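Let's take a friendly walk through how the helices of this protein pack against one another. Have the model open and turn it as you read.

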Amino acid sequence: MNIVVVGIFLLFFAVEFHVEFSLNELNIRHVLKSRAARRFPDFFQSKISDADCARSVEYTLAKARFQRWSEVYGRIVVLLVLFGGTLSLLEDLTQAALPQLLAFSQMPGVAFCIAVALVFSLSGLPLDLY
């Protein structure tokens, strides 16, 4: 049963990654076509200058290109946390570090959730800083 659940999870995980990645690629292609054709929305023509619009397009492209690698990195982190033994390590660490809290039934679970959130926050910090 566990193998089936893991298989279904990985299938949905891969499909969702493919959809996100494909949408990002479609957005990049659309912006590149619009830039090549010098076709900007009419709404922007009267609101911002051509130079500002060009800078906006360059920013959008840079952000979308960075999103490619950010998405891959995030997926690798999730897979490592879920299947790399990180969860059991965090559970052992929280129980060893907080033995006095074991008397309260919810505290080990709360400490474990905080530890998992901390792992994800720290792993995403380099991308957020960039």
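A word on angles before we begin: each axis is a line fitted to C-alpha atoms, for helices over the stretch in contact, and the angles run from 0 to 180 degrees between N-to-C directions. Please keep in mind that this is a predicted model.

**Helix pairs**

With that in hand, start with α1 (2-36) and α3, which pack at an angle of about 170 degrees with their axes 9 Å apart. Angles over 145 degrees count as roughly antiparallel, and that makes α1 roughly antiparallel to α3. The residues of this contact divide into 17 nonpolar, 4 polar and 9 charged.

Next, follow helix α3 (residues 50-83) to helix α5 (residues 107-129): their axes come within 11 Å and cross at roughly 160 degrees. α3 and α5 are therefore roughly antiparallel to each other as well, and their crossing is right-handed. On the α3 side the contact is made by F66, S70, Y73, V77, V78 and V81, while α5 brings V119, F120, S123 and L127. By class, that gives 8 nonpolar and 2 polar residues, with no charged ones.

The third pair joins helix α4 (residues 86-97) to α5, at an angle of about 130 degrees and with axes 9 Å apart. That makes α4 oblique to α5; the crossing of these two helices is right-handed. Here α4 contributes L87, L90, E91 and T94, and they meet P108, A111, F112, A115, V116 and V119 of α5. Sorted by class, the contact of α4 with α5 holds 8 nonpolar residues, 1 polar and 1 charged. Notice V119 of α5, which is listed in the contact with α3 and again in the contact with α4.

Here are the three pairs side by side.

| Helix pair | Angle | Axis separation |
|---|---|---|
| α1 and α3 | about 170 degrees | 9 Å |
| α3 and α5 | roughly 160 degrees | within 11 Å |
| α4 and α5 | about 130 degrees | 9 Å |

**The largest pocket**

Which residues lie nearest the centre of the largest pocket? They are F40, P41, F44, C53 and V57, out of 13 residues that line it. The volume of this pocket is about 200 Å³. Two of the helices we have met return here, since α1 and α3 each supply at least two residues of the lining. By class, the lining has 7 nonpolar, 4 polar and 2 charged residues.

Methods. Residues numbered from 1 in each chain as written. Predicted model: local features only at pLDDT ≥ 70, side-chain atom pairs only at ≥ 80, totals over all residues. Heavy atoms only, no water. Helix = DSSP H or I, 4+ residues; strand = E, 2+ residues; numbered from the N terminus. Parallel < 35°, antiparallel > 145°, perpendicular 65-115°, else oblique. Left-handed = near helix turned anticlockwise from the far one by under 90°. Contact = heavy atoms within 4.5 Å. Nonpolar A, V, L, I, M, F, W, Y, C, P; charged D, E, K, R; others polar. 1 Å grid on protein atoms, 1.4 Å probe; cavity = no way out; pocket = protein on both sides within 12 Å on 5 of 7 lines; lining within 4 Å. Points joined across faces, edges and corners; volume = space filled by probe spheres on them.
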